[in-house]
Amino acid sequence: MDTVVKSSQQDDDRTGLSIETLRRAFADNLYYEQGKFPAIATLNDFYMALALTVRDRLLNKWINTVQTYLHKDVRVVCYLSAEFLMGPHLGNAMINLGIYDQVEKAVEESGLNLQELIDQEEEPGLGNGGLGRLAACYLDSLATLEIPAIGYGIRYEFGIFDQEIRDGWQVETTDKWLRYGNPWELPRPESSVEVKFGGHTVSSLDEKGYHRIKWIPDRVVIGVPYDTPVPGYGTNTANILRLWKAEALESFDFSAFNTGDYVGAVNAKITSENISKVLYPNDNVSQGKQLRLEQQYFFVSCALQNIIDFHTRSGRSIHTLHEKFTLQLNDTHPSIAIPELMRLLIDVHELDWDTAWLVTTEAVNYTNHTLLPEALERWPVALIGSILPRHLEIIYEINRRFLAQVRADHPGNKELLSRVSLIDESGERCVRMAHLASVGSKNINGVAALHSELLKSDVLSDFHEISPQKFKNVTNGVTPRRWMLLSNPDLSRLITENIGAGWVTHLENLKLLEPLANDESFKQAWQAVKRGNKLKLSKYIHDQLGLAVDPNSLFDIQVKRFHEYKRQHLNVLHIITMYNFIKENPNVDVTPRTFLFGGKAAPGYFIAKLIIKLINSVAEVIGSDRAVRDKIKVIFLPNYSVTLGQRVYPAADLSEQISTAGKEASGTGNMKFSLNGALTIGTMDGANVEIRQEVGAENFFLFGLTEEEVKARRAAGYRPHEEYLGNERLKRIIDQLSSGYFSRGDENLFRPLIDSLLGWDDYMLLADYQSYIECQEKVGHAYKQTDEWTRMSILNVARMGKFSSDRSVREYCENIWETHPSRVELTEQHSRTLLNVCEIPLIKGNL
């Protein structure tokens, strides 16, 4: 890094965008923030210095955005989510700020490689999959559309685990994403809040004779906020992601220490900090269940206290909270926000019940993300009573009033009362959190057209009967800024050269590509981009795993969270089918394929982890067989993440979206693959239905039972063993798995999986097997027709404009949040501005 000499006339080092200014700021941050000079600086030092340089250029937008929210009459969206899978910040921030090229030039002139610095960033592992990534896409779109918004969640010290593969098994290791610091966050300890747990309640009459409840906790935890700016693309808006860290009220007990109780001296610190220690503790044990509930309550309590503080400090009445803020519950995890908001309004701000309920039910909205009954959280009454005694009282009262209204509207229908009650009385008494969210929210939405219909007809059918006006649909979307512009720059450049740059914020403009699907020169350029992306991924695989990959092979990819309903093992059945066919016909002309898998299984989900082992066991057998390994290759990509996804999606030829119809709420990986030119093989499930409608049935490889057919087969008495006996190829595969053929002779290794498939086959793998195999044969034939495959690939991209998160957010704004854009005007505030606070009332704490 050369020494940069300051000229007499120069841009401000904090905001300037000239190459010289960026280099000078980069050098200054290395020297003054990292305390290093180039000769002793590490790659991480250079990354930190560059990140701070970029962040400086973001802060002026952020500060002006906050001022706009304080002083303008705007309704702010508060997005409450247990997960925010933001991905690495540096590259995305440069893209959205429009300074990528300038920064790249400045870094190069400083003798460094920008991509190496981008790769140095530790990805914040603050999510498990689609739920957290969707939240991140929505924050990007909210800022890009200039919608006032704050994201609220938990600052997990250790995020989703790092995944290693040892002897084919998933092994979880600690995700130490904060070990080298996080340059993107700003701690706000002055804005800390207290969060109570346990204890008991006491009732009394106040001086006016009103009945009041006081909660006397036995434990108090401090919530400390950390703010991260989220920039919009090409706008002045930079919204806030506020994540909360749990700390002890008193982190060190001197009296215990002085008596020799050294462990007891820090016990409160350990107990309190456990709340924000790790994402999703294993809830197979009672302690894990308690910690999960504590996590959920912790972050919604912090958020709601912060929102109310923001509202009242700006001089507004607590009665109008719902006019200034709209709250979105991202799935069932934050549902405890409803009784917590009621508690704050009634017990702290002394509103009467009816007024508090009006404010709550006008402010809160609920997005359901699942059709799986086990994912609709239910907490034992005894557990809630021990941790949140006041909230249990409020839940009981909500339930009493709700059931009274249902009883009045539906007299004599005891079965309905039992089904919709917030308390499940069958077996251990539990609070049904999805029911609580449904009763306490103004709007309830699903995340794909099919999913929303199934909510109304099945999962939440009773609530739809009671309050049909609440139910809406907002099909998910993804941000094209990260998933195309950043991760696939060559394709983005090709598109922009041919239809202009407007598609980045108006994805429907991709429709302009349609006429080019028959243009020979454009198709050749398209093919060159895809091949380049496949070469990059091939190099990554070789560098990381030591495996050689043929970039001319069909890249058949399934990357997603591991779950039986997502049916990664159906994919494996097809791989073994191909393997057996090639072994029987060694001279057959088959389309060479590289099968790539990625994703994590929950630590306590044994069958999902066994499927990962199965994939790696099959990969081992195929990889050691000379007769087959040049025609098919199976690779598991460890530690799948946003960062890895940015490499994988652009390189895919075929996207595997093969969940059981009626089980996937939406999916967003399907959208990312299609936007990057992959063709889809899939069922009529989730957003697949709408993707197929948009891209055209002729450009989508459809197989399998529909949701109605799945129900009909179940109702008729589905017998998976008959599928096994009636299909020779399938029977052979199951027998091979049973014999130890793919498990080094261990006949018992895959027995739990086989027993599941032959005994009950909950997710209808065997029923869909033959249809899937026949469809895969069509894929193989189609891929050989390079020109036609390329045309289909172009049309897939051209017709995916609907699936932008910008469109999703616009629909939320119009149909659910009732808010609108608020333009942020920049006022220069930088190091050359002299402070003058004489006329400004100082605020204790921090908004």
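In this predicted model, I423 of β14 has V431 as its bridge partner in β15. The two strands concerned, β14 and β15 (residues 430-432), pair in the antiparallel sense over two bridges. They belong to an open sheet of three strands, whose order is β13-β15-β14 and whose pairing is antiparallel. The edges of this sheet are formed by β13 (378-380) and β14 (423-424), each of which pairs on one side only.

A parallel arrangement is found around strand β19, which spans residues 593-598 and is mostly covered, six of its six residues being buried. In a regular strand the side chains alternate between the two faces of the sheet. In β19 both faces are covered, with R593, F595 and F597 buried on one side and T594, L596 and G598 buried on the other.

Strand β19 has parallel partners in β18 and β20. With β18 (residues 554-559) the parallel pairing extends over six bridges, and within it L596 of β19 is the bridge partner of I557. With β20 (residues 632-637), which runs parallel to β19, there are again six bridges, and here F597 stands opposite F636 of β20. The chain passes from β19 to β20 through helix α24 (residues 606-623), in a β-α-β crossover that is right-handed. A right-handed β-α-β unit is likewise made by β18, helix α23 (residues 568-584) and β19.

Where does L675 lie, and is this residue buried or exposed? L675 is placed in helix α26 (residues 669-675), and it counts as buried because its relative accessibility is 0%, where the limit for that class is under 20%. Leaving aside neighbours within four places in sequence, L675 is in contact with V478, M484, L491, L507, L510, V797 and M800. The C-alpha atom of L675 is separated by 33 Å from that of V278, a residue 397 places away along the chain.

The surface offers a contrasting setting in Y32, a residue of helix α1 (residues 19-33). Y32 counts as exposed because its relative accessibility is 64%, the class being defined as over 50%. Together with Y31, F37 and I40, Y32 makes a nonpolar surface patch of about 500 Å².

Charged side chains are linked in several places, and the count of salt bridges comes to 61. The table gives three of these pairs with the separation between nitrogen and oxygen.

| Pair | N to O distance |
|---|---|
| R647 and D119 | 4.0 Å |
| R823 and E146 | 3.7 Å |
| E294 and R219 | 2.6 Å |

The salt bridge of R647 and D119, at 4.0 Å from N to O, links distant parts of the chain, since R647 belongs to helix α25 (residues 642-651) and D119 to helix α5 (residues 114-120), 528 residues apart. R647 counts as partly exposed at 32% relative accessibility, and D119 is also partly exposed, with a relative accessible area of 42%.

What do R823 and E146 tie together, and how far apart in sequence are the parts? The salt bridge between R823 and E146 has its closest N and O atoms 3.7 Å apart. R823 lies in the segment after α34 (805-817), whereas E146 lies in the loop between α6 (130-144) and β2 (149-154), so the pair ties together parts that are 677 residues apart in sequence. R823 is exposed, with a relative accessible area of 51%, while E146 counts as buried at 12% relative accessibility.

In the salt bridge of E294 and R219, where the N to O distance is 2.6 Å, a helix is linked to a strand: E294 is in helix α10 (residues 286-313) and R219 in strand β9 (residues 219-231), 75 residues apart. E294 is buried, with a relative accessible area of 5%. Beyond these pairs, a network of salt bridges links D167, K613, E620 and R744.

Technical notes
Residues numbered from 1 in each chain as written. Predicted model: local features only at pLDDT ≥ 70, side-chain atom pairs only at ≥ 80, totals over all residues. Heavy atoms only, no water. Buried < 20%, exposed > 50% of the residue type's maximum accessible area, 1.4 Å probe, protein only. Helix = DSSP H or I, 4+ residues; strand = E, 2+ residues; numbered from the N terminus. Pairing = 2+ DSSP bridges. Right-handed = clockwise from strand over helix to strand, strands pointing away. Patch = residues over 30% accessible without salt bridge, like charges linked within 9 Å, V, L, I, M, F, W, Y side chains within 5 Å. Areas by Shrake-Rupley, 256 points an atom, 1.4 Å probe, with all protein chains shown as cover. Contact = heavy atoms within 4.5 Å.
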